[in-house]
Amino acid sequence: MRPIALIAFSVLMQAAAEAFLSGRISSGDSLRFSLLAFLGCTLLFTAVGRVGRVGRTKNRRPARPSPGPGAWRLFAELNVASAVTFLGLYVALVWVPAALAASLMAGIGPLAASTLARLSGEARPAAYWARSVGLFGASLVCAAAVQPAVLDTSSWQSGPAASAAGAVLALLAGIGAAVLARLSRRLGERGIAPSVVMTHRFHLTYTVAALALTSHQLAEPPRLGWAVTALVAFGGVVIPLYALQIGAQRTAAPVTMALLAAQPGLAYLVQGALGYPVTVQGTVAVVLLLLAATAVARAEHRLPRDEAAAPVRRHPATHPSDAAEAPR
């Protein structure tokens, strides 16, 4: 499957999970969800890695080289960015609706990616910045348009302070997502398989979630059962994030962030399908946001840039399964 199609699939599945959780969870649910989702990612892809090693040994194929010191430093940075991004987002869903949180998170992402690229010394034309700022503006317009509808329900009882905290967490999650996109691309250039990245990137996330669950000040009583939480975690996080990891390792960060900017619109549509109220202005704003995100992603994908044009280094594949998994 094409990398962009994998990213689009991931965005849709994550948006559906966020829409389902929106208005249904307490802080205890959010932390329990994070624990199950990211511990599940780690355990699943640890098992996948071991099966792959056994298969290579059995078929006398060469073992994959170790990631190396530089890659482990990237893994450490990836752990911090993952914790900020996902814990920030899922805690934000306790206090603000998914469409609003996703609008803030996805809107700041492309602008953050542009800023990080500039801080790294990468030249960016004025059109690049114009697209990033324009997409951020479109996301804010979308957030303002959908807010009256998604807040018009008894599910939302958070006060101004909690709503402001949720908005700040969503913005921090968007900045973290931009960092994740850049780190994923760098790991892909080193030839690190997506399953290896998924094995090592969430240690800090599930550890912090587990520790926070033990605090009565941070964790309110859960509203969802373990089975429902586990099912949504698997379908809305484990599988989509693996697809996103493969796509992000093969795609320039600005393209990934532009596609992720479509997430609030999809979350709003899924919320409408689940019975949340929708408005004409909200729907129009969402359609315009989806069109803008698609247009920006296409423009960024076609642009020649050093980062996108740099050859991706990967280990030689000696077996078809290796070739399918190796970043490219």
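Which residues in helix 10 are buried? I went through the helix and got A253, P254, V255, T256, M257, A258, L259 and L260. That is eight of the eight residues of helix 10 (residues 253-260), so the helix is largely enclosed by the rest of the structure.

**Confidence check.** I'm working from a predicted model, so I looked up pLDDT next. The chain averages 78, with 80% of its residues at 70 or more. By element, helix 8 (residues 203-213) has the highest mean, 93, and helix 14 (residues 320-325) the lowest, 34. I noted that residues 305-328 sit below 50, though the model gives this stretch 57 contacts beyond near neighbours in sequence. Residues 149-156 also stay under 50, and there I find 22 contacts beyond four places in sequence.

**Salt bridges.** I searched the whole structure and came away with two.

The R73 and E77 side chains meet at 2.9 Å, N to O. Both residues lie in helix 3 (residues 69-95), four residues apart, or about one turn. I checked exposure too: R73 is partly exposed at 42% relative accessible area, and E77 is partly exposed at 31%.

The other pair is R185 with E189, whose closest N and O atoms are 3.6 Å apart. These two are in helix 6 (residues 160-189), again four residues apart and separated by about one helical turn. Here R185 is buried, with a relative accessible area of 3%. E189 comes out at 16%, so it counts as buried as well, the cut-off being under 20%.

Why does a four-residue spacing suit a pairing like this? An α-helix has 3.6 residues a turn, so residues three or four places apart point the same way.

Key: Residues are numbered from 1 along each chain as its sequence is written. Side-chain values use heavy atoms; hydrogens and water are left out. pLDDT is the predictor's confidence in each residue, from 0 to 100. Contact means heavy atoms within 4.5 Å. Buried means under 20% relative accessible area, exposed over 50%, partly exposed in between (1.4 Å probe, protein chains only). A salt bridge is a side-chain nitrogen of Lys or Arg within 4 Å of a carboxyl oxygen of Asp or Glu.
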